[in-house]
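Trainee: I am new to this structure and would like a close look at a single part, the pairing of oppositely charged side chains. Could you take me through that part slowly, and then show me what lies around it?

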Amino acid sequence: MGERAYNFGAGPAMMPDPVIERIAREWQDFDGGGYSALELGHRSEPFADILARAKADLRELLAIPDSHHVLFLHGGATPHFAMVPLNLAREGQSADYIHTGYWSDKAMAEAAPLANVRIAASAAASEFDRVPDAANWQLDPQAAYVHICANETIGGVEFADYPDTGSVPLVADMSSNILSRPLDVSRFGLIYAGAQKNIGPAGLAIVIVRDDLLHRARAAVPSMMSYARHVEWDSMYNTPAAFMIWVAGLVFEHVKKAGGVAAMQRENAAKSTLIYNVLDGSKLYTNRIQKGSRSRMNIPFFLREPRLETRFLDGARRRGLINLKGHRAVGGVRASLYNAMPLDGARALADYMTEFERRYG
Ligand code: PMP
């Protein structure tokens, strides 16, 4: 087996070691029952307990109020780009989107045939280097909802604060920053997140939805795309992703033991500061995101001379700093520092960056 690497991949991302060790232990013999964790049946007693505990732990971690339901669904984050307008927008109603980069763009594109999509604010003119100032958003008070991407995983732009959208429900794609800091869930109508960054294996999505939004769909929505149906069936309308939900629950337990989301926030601030400090003092690396909108989760940067990029990535890999290559849409380097990345991992990367600049800068 290779030495444990610091995995800076954007997702599927690094998982906490104690969770991986637990999976390894139960892989062949789940809870001493004589069957593999992969065979965990969704109608079994252990699973009923696992689902209930995962929900309760997520509720506790994010202080989710009783007004909101928690769902564990298949298919990652992408189905929600369409499910949100299908379930929340009525005929002719507008849906406001805040355009902050690649993922909010995808969300808008999927919603366009299903709702009257309005761009209420966009950072396109400044090449997505910030979250547009909420004071200048052109919101429609009649809109079905306002959609934001809380953290643009590719661009490295994160909302430092969440806007107050009054009586219009705020909908957030939190795929890449859920559980990274405390959150006032009562300010959101709906939150969705793919699990493969801060929670667990890819293919699972977490949805937190306010009860009064469940019956707004303008027409019959297919069951698998209906939030109301999934709530009615407690995330078991069809066979749930039992193994992945178990793993997500192990991560919630781990985060609770590690001090909850307030501790994650402190760690994430410390880790990202280490990297941003190197970038700010550098003549070799550049990151063009405005300071107030910098992501603590994903830090994309470029080397002044692109020919040095391969050398940088190769050297990193040799040190066990892996998956630093930027997204294919933008190139460059991207360091993802989700909850499971230890402070030592961020320090190792910062030290390597400094050393590399001394040598080649
Ligand atoms: N939204 C954001 C912010 C993402 O980062 C991603 C995946 N990287 C997605 C949506 C899509 O997630 P999935 O591949 O699980 O559908």
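Mentor: Let us begin with Arg 210 and Asp 212, whose side chains meet in a salt bridge with 2.6 Å from N to O; please keep in mind throughout that this is a predicted model. Asp 212 counts as partly exposed, because its relative accessibility is 41%, and partly exposed covers the range between under 20%, which is buried, and over 50%, which is exposed. Elsewhere, salt bridges that share partners join Asp 49, Arg 53 and Glu 253 into one network. In general, side chains of opposite charge can pair when their charged atoms come close, and the count of salt bridges in this model comes to 21.

Another of these pairs lies within a helix: Arg 22 forms a salt bridge with Glu 26, and their closest N and O atoms are 2.8 Å apart. Both belong to helix 1, which spans residues 17–26, and because they are 4 residues apart there, about one helical turn separates them. Arg 22, with 27% relative accessibility, counts as partly exposed, whereas Glu 26, at 10%, counts as buried.

A further pair is Asp 96 and Arg 118, which form a salt bridge with their closest N and O atoms 2.6 Å apart. This pair links distant parts of the chain, since Asp 96 sits in strand 3 (residues 94–99) and Arg 118 in strand 4 (residues 116–122), 22 residues apart. Asp 96 has 0% relative accessibility and so counts as buried, while Arg 118, at 28%, counts as partly exposed.

Turning to the ligand, 13 residues surround it, and those that come nearest are Thr 78, Thr 153, Asp 173, Gln 196 and Lys 197. The shell divides into 4 nonpolar, 7 polar and 2 charged residues. An oxygen atom of the ligand is 3.1 Å from a polar backbone atom of Ala 77, an oxygen atom of the ligand is 2.9 Å from an N or O atom in the side chain of Gln 196, and a nitrogen atom of the ligand is 2.9 Å from an N or O atom in the side chain of Lys 197. Of the 400 Å² of accessible area that the ligand has on its own, the protein covers 84%.

Finally, the surface also holds a nonpolar patch, formed by Met 224, Trp 233 and Tyr 237, with about 280 Å² of accessible area together. Within this patch, Trp 233 is placed in the loop between helix 5 (227–232) and helix 6 (242–257), and at 42% relative accessibility Trp 233 counts as partly exposed.

Definitions and conventions:
Residues are numbered from 1 along each chain as its sequence is written. This is a predicted model: local features need pLDDT of at least 70, side-chain atom pairs count only at pLDDT 80 or more; totals for chains, interfaces and linings use all residues. Side-chain values use heavy atoms; hydrogens and water are left out. A residue is near a molecule or strand if one of its heavy atoms lies within 4 Å of it. A polar contact is a pair of N or O atoms within 3.5 Å; within protein, one must be able to donate a hydrogen and the other to accept it, and residues adjacent in sequence count only if both atoms are side-chain atoms. Accessible areas come from the Shrake-Rupley method with a 1.4 Å probe; for residues, only the protein chains shown count as cover. Ala, Val, Leu, Ile, Met, Phe, Trp, Tyr, Cys and Pro count as nonpolar, Asp, Glu, Lys and Arg as charged, and the others, Gly among them, as polar. Patches are made of residues with over 30% relative accessible area and no salt bridge: like charges are joined within 9 Å, nonpolar side chains (Val, Leu, Ile, Met, Phe, Trp, Tyr) within 5 Å. A salt bridge is a side-chain nitrogen of Lys or Arg within 4 Å of a carboxyl oxygen of Asp or Glu. Helices (H or I, at least four residues) and strands (E, at least two) are DSSP runs, numbered from the N terminus. Buried means under 20% relative accessible area, exposed over 50%, partly exposed in between (1.4 Å probe, protein chains only).
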